[in-house]
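Here are a few notes to help you find your way around. Have the viewer open while you go through them.

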Amino acid sequence: MSAPPSTTSGHDLPVELLRDEAALPPGEEGSALCLSGGGYRAMVFHVGALWRLYEANLLGNVSRISSVSGGSITAGVLAMAWPSLAFDGSKVHEDFVNHVVDPVRGMAGRTIDRSAILGGSVLPGSIADKVTSAYDKHLFHGATLQDLPDTPRFVINATNVQSGALWRFSKPYMRDWRVGEVKSPRVSLAQAVAASSAFPPVLSPLTLELDPADFTPATGADLQQEPYTSEVVLTDGGVYDNLGLETAFKRFQTVFVSDGGGRMPPEEEPKHDWARHGLRVLSLIDNQVRALRKRQLVAAYKAQLRAGAYWSTWTDIREYGVDLPLDCPFERTQSLAEFPTRLKRMDDGVQERLINWGYAVCDAALRAYVDPGLPQPASFPYPQAGV
């Protein structure tokens, strides 16, 4: 959806305006990409979307990549691969597949949440510590936020349980607008991703032990004091912003959003015990908040406040109104949208279907709202799998 720069008041926007922002800023030229949460389902779905963006020569021109939860796993892999990518659509297999697709698929072939829960329950260290160790072992190999590329800016988002605000990790700084800013943080990439994907209640919280002296003076609005600056308690970034919009939407004129969140299936006989009933209610709240942000985002596109495109696991691809060379039966794609939100081993067939679906729906969104002249894809990334 193309649009000239515009401003509006904070009503019905998918992001919150700060006290000194009377209206939505016009935004910088350039584009941002937001990767939502949704466990391994989102992690793998986003790979398909990135694949299509890469082929379309759009990924290499993105100025910011903002992620939450499962999307942060994919973003972390992409960040580490970035210096090795040629951004030549004709070399997608030897380039993008080797450096991005294969590591993510390797991660998706492992169950880490169950062992983290068991280990965190009976061994020293928290559940979040065990998840951090798994990410570091299998994906990030000791990298810190200082190993992220300078361009584009990768922003990995978590939620600060103490302040109720967004905590953002990036190479130049990590910050919470109420608590303050730490410049050039040395936090491990695995820990940042684990904080962003600390799904409540079982994988949450992750606690950062910090030195208050590391905070830049007078950068927090009202909470730059201990214990907020010495022990930061974080949970899943999707609790605050399930689409990763907060650090991108106000900044750039063009915003692409890949939503790997699922469609919540009905439940004939809801459980009555407090744990499972509570989890069901939390899922209902998350589902409704996600739907509200999505509606506000699309309204902002239609009002020409921002350009860009949105696609999700539960989109009906026919609604884009473009030719569909890739067969995506609605009942098949909906079954993928209902795949459980876990960090649990996913078999190869499901992985390939999710990648194909992310690829196809991203393609339809781009041709509908960004570049109608974009050549149609000849086939799925995994033609034999379909969706």
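Which residue's side chain does R178 meet in a salt bridge?

1. It's D222: the N-to-O distance between the two side chains is 2.7 Å. R178 sits in the loop between β5 (173–176) and β6 (180–183), and D222 in the loop between β7 (206–209) and β8 (231–236), so the pair ties together parts that are 44 residues apart in sequence. R178 is partly exposed, at 22% relative accessibility, and D222 is partly exposed as well, at 37%.

2. Before you go on, bear in mind that this is a predicted model. The average pLDDT of the chain is 90, and 94% of the residues score at least 70. Residues 1–7 are a weak spot: pLDDT stays under 50 there, although the model has 27 contacts beyond four places in sequence for this stretch. Where pLDDT is low, don't read the predicted coordinates in detail.

3. Back to the charges. The whole structure has 14 salt bridges. One of them pairs R342 with D113, with the closest N and O atoms 2.5 Å apart. This pair links distant parts of the chain, 229 residues apart: R342 is in the loop between α8 (330–337) and α9 (348–369), while D113 is in helix α4 (residues 113–122). R342 is partly exposed, with 27% relative accessible area, whereas D113 is buried at 5%.

4. For a pair within one helix, look at R367 and D363, whose side chains meet in a salt bridge at 2.9 Å, N to O. The two residues are separated by about one helical turn because they are 4 residues apart in helix α9. Both R367 and D363 are buried. They also belong to a network with R52 and E55, joined by salt bridges that share partners.

5. If you were hoping for disulfides, the count is 0. C328 is in none, and the nearest cysteine sulfur, that of C362, is 12 Å away. Why no bond for C362? Its sulfur is 12 Å from the closest cysteine sulfur, in C328, and that is too far. C328 is buried, with a relative accessible area of 10%, and C362 is buried too, at 0%.

6. Last, turn to the surface. L279, V281, L282, L284, I285 and V289 form a nonpolar patch there, with about 470 Å² of accessible area together. L284, for one, lies in helix α7 (residues 274–302) and is partly exposed, with a relative accessibility of 41%.

Conventions:
Residues are numbered from 1 along each chain as its sequence is written. This is a predicted model: local features need pLDDT of at least 70, side-chain atom pairs count only at pLDDT 80 or more; totals for chains, interfaces and linings use all residues. Side-chain values use heavy atoms; hydrogens and water are left out. A disulfide is a pair of cysteine sulfur atoms within 2.5 Å. Buried means under 20% relative accessible area, exposed over 50%, partly exposed in between (1.4 Å probe, protein chains only). Patches are made of residues with over 30% relative accessible area and no salt bridge: like charges are joined within 9 Å, nonpolar side chains (Val, Leu, Ile, Met, Phe, Trp, Tyr) within 5 Å. Accessible areas come from the Shrake-Rupley method with a 1.4 Å probe; for residues, only the protein chains shown count as cover. A salt bridge is a side-chain nitrogen of Lys or Arg within 4 Å of a carboxyl oxygen of Asp or Glu. pLDDT is the predictor's confidence in each residue, from 0 to 100. Contact means heavy atoms within 4.5 Å.
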